[in-house]
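Let's work through some short exercises together. Keep the model open beside you and try each task before reading its solution.

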Amino acid sequence: MKRLITLLFILTVTLKLSAHASELDSLKQKLQVTSDSLKGPIYTQIAAHYLGYDTVSTRRMKYYFQTEALNYTMLALHSYSTYNDTLGLRTSFNALAKIYRSQRKFSQAKWFILQSNTISRQRKDTLNIISSLIELAAIKSDIKDYKLSMKDLNDALTLSLKTHDPKKESIVQVGFAELYRKMNDYDKAAVAIKRHEFLDDSLNQVTVDSIAKVAAADSIKIKKQDSAIAKKKVYTKNSRRRPMLRYARHITSLSFSSAPLLFSSL
């Protein structure tokens, strides 16, 4: 049984890798027939495949994935820059910050996430400002710049509360917990985790309540539809019976009206 499960697992992984390789080949071929102005998103899609380097088992393969992700993101960045595509640029900046942080090249990671933050501020995109602040705080925490990391998280928390976004606040609380652990302040880390769990539970309950409301509304709708169908069936049945009843009454009346004639003939 154990051997069968192992074989199935290997088969699944092989099929996934095969599909992954096929999709990559398709994207790379697409580059050959795409005009330069439209190549940026394709470079980003290819880079996204390689950005999954955390799932790769060997160090050599992980390094290869990171290198390919870096190369294709740089190509995307150049394309977006040429055509002044700020959303594409921000996507590239976020990817580069991730790669460089993984490689412990914190100066580069910090610089790219700051560029992402700048674009989000220019666009007044609060959600992505918060996301970039959380990532910036994590990078500063990696280099033990705890004071500035705390400031970024506080800024992110203020924005999440201001915009009434419990989902983002929950992520900020995870950032606080990680920072406090690095500072060896486990009591405050526990408080942050409790707040994170409370927010997640609340969000889950909201989701459950929303599903319940939708289900209740659907149930009422279905009952109304069933009731309408049942009424229609009764009406249709009665409509069919009326001609039959009229015919039966007509036959009965004919029978009674012809009765004297029958008797008279006797």
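## Exercise 1: Lys39 and its partner

Lys39 has a relative accessibility of 17%, so Lys39 counts as buried. Please keep in mind that the model is predicted.

**Task.** Find out which residue forms a salt bridge with Lys39, and decide whether Asp36 is buried or exposed.

**Solution.**
- Step 1: Look for the partner. Lys39 pairs with Asp36, and their closest N and O atoms are 3.3 Å apart.
- Step 2: Check the distance against the cut-off. A salt bridge needs the nitrogen within 4 Å of a carboxyl oxygen, and the 3.3 Å of Lys39 and Asp36 fits.
- Step 3: Turn to the partner's surface. Asp36 has a relative accessible area of 52%. Because exposed means over 50%, Asp36 is exposed.

## Exercise 2: A bridge between two helices

**Task.** Work out which helices hold Arg101 and Glu135, and how each residue is classed by accessibility.

**Solution.**
- Step 1: Start with the contact. The side chains of Arg101 and Glu135 form a salt bridge, at 3.5 Å from N to O.
- Step 2: Place the two ends. Arg101 belongs to helix H4 (residues 86-102) and Glu135 to helix H6, so their pairing ties together parts 34 residues apart in sequence.
- Step 3: Class each end. Arg101, with a relative accessible area of 27%, is partly exposed, and Glu135, at 23%, is partly exposed too.

## Exercise 3: Glu169 and Arg195

**Task.** Determine how far apart in sequence Glu169 and Arg195 are, and whether Glu169 is buried or exposed.

**Solution.**
- Step 1: Find the contact. Glu169 and Arg195 make a salt bridge whose closest N and O atoms are 3.0 Å apart.
- Step 2: Locate both residues. Glu169 sits in helix H8 and Arg195 in helix H9 (residues 186-265), 26 residues apart, so this pair links distant parts of the chain.
- Step 3: Read the accessibilities. Glu169 is buried at 6%, while Arg195 is partly exposed at 31%.
- Step 4: Widen the view. Salt bridges with shared partners join Arg101, Glu135, Asp142 and Lys182 into one network. The whole structure has eight salt bridges.

## Exercise 4: The second largest pocket

**Task.** Describe which residues lie nearest the centre of the second largest pocket and which helices contribute to its lining.

**Solution.**
- Step 1: Note the lining. The second largest pocket is lined by 15 residues, and Ile134, Glu135, Ala138, Gly175 and Glu178 lie nearest its centre.
- Step 2: Name the helices. Helices H6 (126-142), H7 (146-162) and H8 (166-182) each give two or more residues to this lining.
- Step 3: Sort by class. The lining has six nonpolar, four polar and five charged residues.
- Step 4: Add the volume, about 230 Å³ for the second largest pocket.

Terms used: Residues are numbered from 1 along each chain as its sequence is written. This is a predicted model: local features need pLDDT of at least 70, side-chain atom pairs count only at pLDDT 80 or more; totals for chains, interfaces and linings use all residues. Side-chain values use heavy atoms; hydrogens and water are left out. On a 1 Å grid over the protein atoms alone, a cavity is a set of points where a 1.4 Å probe fits but cannot get out, and a pocket is an open set with protein on both sides within 12 Å along at least five of seven lines; lining residues have an atom within 4 Å of a point. Grid points are joined across faces, edges and corners, and a volume is the space filled by probe spheres set on the points. Helices (H or I, at least four residues) and strands (E, at least two) are DSSP runs, numbered from the N terminus. Ala, Val, Leu, Ile, Met, Phe, Trp, Tyr, Cys and Pro count as nonpolar, Asp, Glu, Lys and Arg as charged, and the others, Gly among them, as polar. Buried means under 20% relative accessible area, exposed over 50%, partly exposed in between (1.4 Å probe, protein chains only).
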